[in-house]
Each structure stands twice: as structure tokens, then as C-alpha cells.
Amino acid sequence: MIYFKSEEEVGLIKESADILGRAHGLLAKEVKAGIKTNHLDKIAEEFIRDHGGVPSFKNYNGFPSSLCISVNENVVHGFPSDYELNDGDIVSIDCGVFFKGFHSDSAYTYAIGQVEDSVKSLLRDTEKSLYIGIEQAVAGNRIGDIGFAIQSYVEERGYSVVRELVGHGLGKALHEEPEVPNYGKRGRGTKLKSGMVIAIEPMVNLGKRNIVQEKDGWTIRTADRMPSAHFEHTVAIWSDRTEIITTHKYIEEVYKL
Ligand code: MG
Ligand code: MG
């Protein structure tokens, strides 16, 4: 079932999202060649806990870390390690914060140093597709309108959309109904109504859409080992407007794609 949120509850999600946004900003300053991904996880966890929050992903179904860090062909659910970021890598950092009883969730993909033009375009277009999806997340539309808009935008540009992993409702739980696929048909699916809070998170591949799970039991990568990008915001839908609850503004202050 879908849990509809009051303005007061969305206010608490905003407090969670403020910690999350500033954690992302801290990470943006650290994301560069030579940095180990487990260093990023450590500073994010410290920041979140210092501000009274709990990293949403840590121990979620046994997940080992606070961040999902997915490099290059890894799509999502990668976890931090001794791997050192290299010039030419792309890295998706997905983070969630639980604070005052509510989760917020957002992701951003960075280019490390100089990346190939095709990969830079993949990042720009995937980020753009997130906002194109959000434009459709308005009361009266349906879930399929969001996926249709994202899928059309990225497929017209020659990319493919991951189908097996989707966005989601969230609130007291990190994953609530409804599912929010990044593909779909216009006018289909659950009707969007005031009080719904959803995470929209396009996962877009430079090559084919097929994915496989690594033997570590978590990391999802592209089957053809081509790069994949991931951007995510948590949004609240009201009868007269849609609010983007999470923010990338602290990232954008230090990092420009
Ligand atoms: Mg996320
Ligand atoms: Mg999510």
C-alpha cells in the first residue's frame, strides 16, 4: 500500500534530505583520482552520524556500507573498497539518510578527470532525464508518464534504460510502494496523488540494457561492461506542485560536470 505523507511528515523528510545534501557536498570535495572509495564511505558515515542521522543503506538487507559506490560498468549497489579512483573513471555515489523517523535518498554520478566525450554525454543526458522524469511527477499523471518521459529521452539519444531496478516510494521505510520504473507507457500505472513521496532514479547504460549481478551478491554491472550512469532525487507530490526534496546544490557548488 502507498503511505501518503502530511506536510509535517514531508518537513521531516526535508530535514533528513538537508543532512543528505550536505553529505553529498562533502563527498564532492573528496571525489578525485587517487582517493579510495572506502574513504568516501567513512567520511559520509561520520558526517551523517555527527548530524544525528543514520546512513539508510548500512545493514539494509545486510548491505555492508553507508554508500553505494558504483564505478564505470557498475550500475548500482557497488560497495566501497580499497579501489582507488582513476582519471577517466565515472563513479555513482548513492546515499540515504534516516533522520527523525524518515528516509531521504539521492544519487549523483561524477566524472574523474578527463573522461571520453561519449561518457560525459551519458552523464549529462542521464542527469537531464532525471529532471524530465520529475516534470511528469505531478498529481493527476500516472507512474507510466514518468518512465515514458525518461525512456523516450534517453533512447532517442542511443542509450538504454535498466529495467530490473527502479525508483520507489519512501518515507518511514527506505523502499515503499509504488515502484517507479524508468521505462513505461504514457497514462499507465498508479495515479500520482498529493502526499506521495517518491525517489526517481534513472539508471542509463551507454551500451545495451542488460545487467548481471557480480559474485559479491550486491554489485550490479552492465553485461557488456559499457559504462552506466545514475542520478536520483526524492520528490514530494502535492495537488498544485512537485517539490524536489533532496538537493545536489552542494555538489554543484564544488563540481561542475
Ligand atoms: Mg538511492
Ligand atoms: Mg533509491
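This tour moves from the whole chain to two metal sites and then to a pocket, in a model that is predicted.

Begin with the whole protein in cartoon view, where 5 helices and 15 strands can be picked out. The radius of gyration is 17 Å, close to the 18 Å that the globule rule gives for 257 residues, so the protein is as compact as a globular protein of that length. If you align the view with the principal axes, the C-alpha atoms fill a box of roughly 45 × 45 × 35 Å. Colouring by accessibility will show that 54% of the 257 residues count as buried, and among contacts between residues at least 6 apart in sequence, 71% join residues at least 24 apart.

Next, select the magnesium ion (ligand 1) together with its protein donors, which are two OD entries from Asp 94, an OD of Asp 105 and an OE of Glu 232, lying 2.0 to 2.5 Å from the ion. Along the chain these donors follow the spacing D-x10-D-x126-E. Asp 105 lies in strand E5 (residues 102-111), while Glu 232 sits in the loop between strand E13 (228-230) and strand E14 (233-237), so this pair ties together parts that are 127 residues apart in sequence. Both Asp 105 and Glu 232 are buried.

Keep Asp 105 selected and add the magnesium ion (ligand 2): the two ions are 3.1 Å apart, and Asp 105 coordinates both. The donors of ligand 2 are Asp 105 (OD), His 168 (NE2), Glu 201 (OE) and Glu 232 (OE), at 2.1 to 2.3 Å, and in sequence these donor residues are spaced D-x62-H-x32-E-x30-E. Here Asp 105 in strand E5 is paired with His 168 in strand E7 (residues 167-169), so the pair ties together parts that are 63 residues apart in sequence. His 168, like Asp 105, is buried.

From His 168, turn to the largest pocket, since His 168 is one of the residues that lie nearest its centre, along with Tyr 60, His 77, Val 166 and His 175. The volume of this pocket is about 440 Å³, and its lining comprises 24 residues. Highlight strands E7 and E8 (176-180), each of which supplies at least two residues of that lining; E8 gives the most, with 3 residues. Colouring the lining by class will separate 10 nonpolar, 6 polar and 8 charged residues.

To finish, display both ions with Asp 105 once more, the residue that coordinates ligand 1 and ligand 2.

Note on methods: Residues are numbered from 1 along each chain as its sequence is written. Chains are lettered from A and ligands numbered from 1 in the order in which they are written. This is a predicted model: local features need pLDDT of at least 70, side-chain atom pairs count only at pLDDT 80 or more; totals for chains, interfaces and linings use all residues. Side-chain values use heavy atoms; hydrogens and water are left out. Donors are N, O and S atoms within 2.8 Å of the metal (3.2 Å for Na, K and Ca); water is not among the atoms, so sites may look incomplete. Helices (H or I, at least four residues) and strands (E, at least two) are DSSP runs, numbered from the N terminus. Buried means under 20% relative accessible area, exposed over 50%, partly exposed in between (1.4 Å probe, protein chains only). On a 1 Å grid over the protein atoms alone, a cavity is a set of points where a 1.4 Å probe fits but cannot get out, and a pocket is an open set with protein on both sides within 12 Å along at least five of seven lines; lining residues have an atom within 4 Å of a point. Grid points are joined across faces, edges and corners, and a volume is the space filled by probe spheres set on the points. Ala, Val, Leu, Ile, Met, Phe, Trp, Tyr, Cys and Pro count as nonpolar, Asp, Glu, Lys and Arg as charged, and the others, Gly among them, as polar. The radius of gyration is taken over C-alpha atoms; the globule rule is 2.2 Å times the number of residues to the power 0.38. Contact means heavy atoms within 4.5 Å.
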